[in-house]
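Hello,

Here is the structure I promised to pass on. Have a look at it first, and then read my notes below.

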Amino acid sequence: MKRSFVIMVQKIREFIKLSKHLTWSRCVNVLHVWSTYWLSRIWPALQPMSPISVSIEPTTACNLGCPECPSGLKMFERPTGNAAIGNVEAWLDQLAKRTVYVNFYFQGEPFIHPQFLQLVQKAVARGLFTSTSTNGHFLHDELARKTVESGLHRLIISIDGLTQEVYEQYRIHGRLDKVIEGTRNITKWKDELQSSTPEVIFQFLVVAPNEHQMKDVMQLANSLGVDEVRFKTAQLYQYEHGHPLMPKNEKYSRYKRMKDGTYRVKNALDNHCWRMWSGCVITWDGRVVPCCFDKDASHALGQLGVQNMQAIWKSNAYQAFRRAVMTSRSQIDICSNCSEGTRVWTES
């Protein structure tokens with residue numbers, strides 16, 4: 001009961017934050033998407049009007065070498081690069097009427113993009129709620145001020161350990177002191193500029209080396225003026241026979257141990273997925289993919305610049321993919337390791 005109440009409160013808070021960015025057209029779209037999602041279980045041919053939220057990938061480049069991340073491992077099969085600011089502006093023009101939320105993150109470290117904050121400003125100018133996720137290594141004093149001034153609404157900072165020894169076991173090549181310094185810079189400039197944004201969130205990826213430090217991150221967050229801490233379960237690629245990063249406490253894992261000693265995803269992979277109706281991902285070069293689990297864009301459903309967003313969103317290819325999710329989700333490769341509904345919980 002307590003857990004359910006906390007989730008309800010979090011959803012109400014989120015709705016209040018996003019409601020400030022709702023226009024009549026966006027409200028109509030939200031209602032249409034929500035209703036067609038539920039009705040699609042009966043009439044699979046129903047299509048959502050437009051995405052409510054979109055993730056845009058600024059870059060695939062990253063300064064770290066995290067062991068379960070394609071960016072960190074430099075293992076992409078698709079082309080890598082930076083999004084052109086003119087392209088992103090064109091995409092935002094197509095989205096702005098009905099979309100509410102733009103997350104400037106997919107793979108890579110967004111602040112490596114030389115014009116990243118300009119991308120954010122383009123979205124803010126169109127009345128969109130904006131967020132990004134960073135490893136926190138580039139938030140020096142000047143850039144922290146510009147980040148606050150950009151109007152970015154939410155800044156998620158990954159902090160996966162409270163000592164350098166623990167932190168670097170997952171964030172390979174990373175420096176915890178840089179993350180803490182960058183966080184201080186952001187909260188300092190929020191105070192000095194009397195800005196309520198960006199909302200600063202610590203994201204703690206729970207893995208075996210750091211699970212004993214979960215309480216400590218709450219104390220650090222409070223001392224730095226961080227607004228919220230989110231604990232996230234880790235996606236592991238080779239999990240069937242266990243994994244060194246898998247938390248010892250199964251509560252914090254995406255996987256559960258079976259009687260034969262093997263592991264499987266906790267998610268039942270039922271034949272429905274809100275993401276297929278509510279949002280999508282745009283890679284740095286304009287490929288539209290169904291969700292963030294398609295890290296290599298192996299299920300690209302269209303190419304912006306060749307087609308517009310609305311044509312892709314309502315295309316036969318997109319509708320066929322939605323139908324496949326609604327009928328045989330467990331057979332789709334990017335769905336097989338999905339944790340929709342099981343991967344994040346929050347402490348304030």
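**The core, one helix and a pocket**

In this predicted model, the largest nonpolar core is made up of 87 residues, and those with the most contacts inside it are Ile 56, Phe 104, Phe 202 and Ile 282. The element that gives the most to this core is helix 9 (residues 214-224), which supplies 6 residues.

Ile 282 is a good place to zoom in. Apart from its neighbours within four places in sequence, Ile 282 touches Val 54, Ser 55, Ile 56, Glu 57, Trp 91, Leu 95, Arg 287, Val 288, Leu 304 and Met 309. One of these, Ile 56, is also among the residues with the most contacts inside the core.

Next, have a look at helix 5 (residues 116-125), where the buried residues are Phe 116, Leu 117, Leu 119, Val 120 and Ala 123. They lie on the same side of helix 5 because they cover an arc of only 150° around the axis. Among the elements that cover these buried residues are helix 4 (85-95), strand 3 (129-134) and helix 6 (141-149). If you follow the chain just past helix 5, you come to Gly 127, which has a positive phi of about 75°.

Last, a pocket. The second largest pocket holds about 550 Å³ of space. It is lined by 20 residues, and the closest to its centre are Pro 70, Tyr 237, Phe 293, Lys 295 and Asp 296. Sorted by class, the lining has 9 nonpolar, 7 charged and 4 polar residues.

Happy browsing, and best wishes

Terms used. Residues numbered from 1 in each chain as written. Predicted model: local features only at pLDDT ≥ 70, side-chain atom pairs only at ≥ 80, totals over all residues. Heavy atoms only, no water. Core = buried A, V, L, I, M, F, W, Y, C linked by side-chain atoms within 4.5 Å. Buried < 20%, exposed > 50% of the residue type's maximum accessible area, 1.4 Å probe, protein only. Helix = DSSP H or I, 4+ residues; strand = E, 2+ residues; numbered from the N terminus. Contact = heavy atoms within 4.5 Å. Arc of directions from axis to C-beta. 1 Å grid on protein atoms, 1.4 Å probe; cavity = no way out; pocket = protein on both sides within 12 Å on 5 of 7 lines; lining within 4 Å. Points joined across faces, edges and corners; volume = space filled by probe spheres on them. Nonpolar A, V, L, I, M, F, W, Y, C, P; charged D, E, K, R; others polar.
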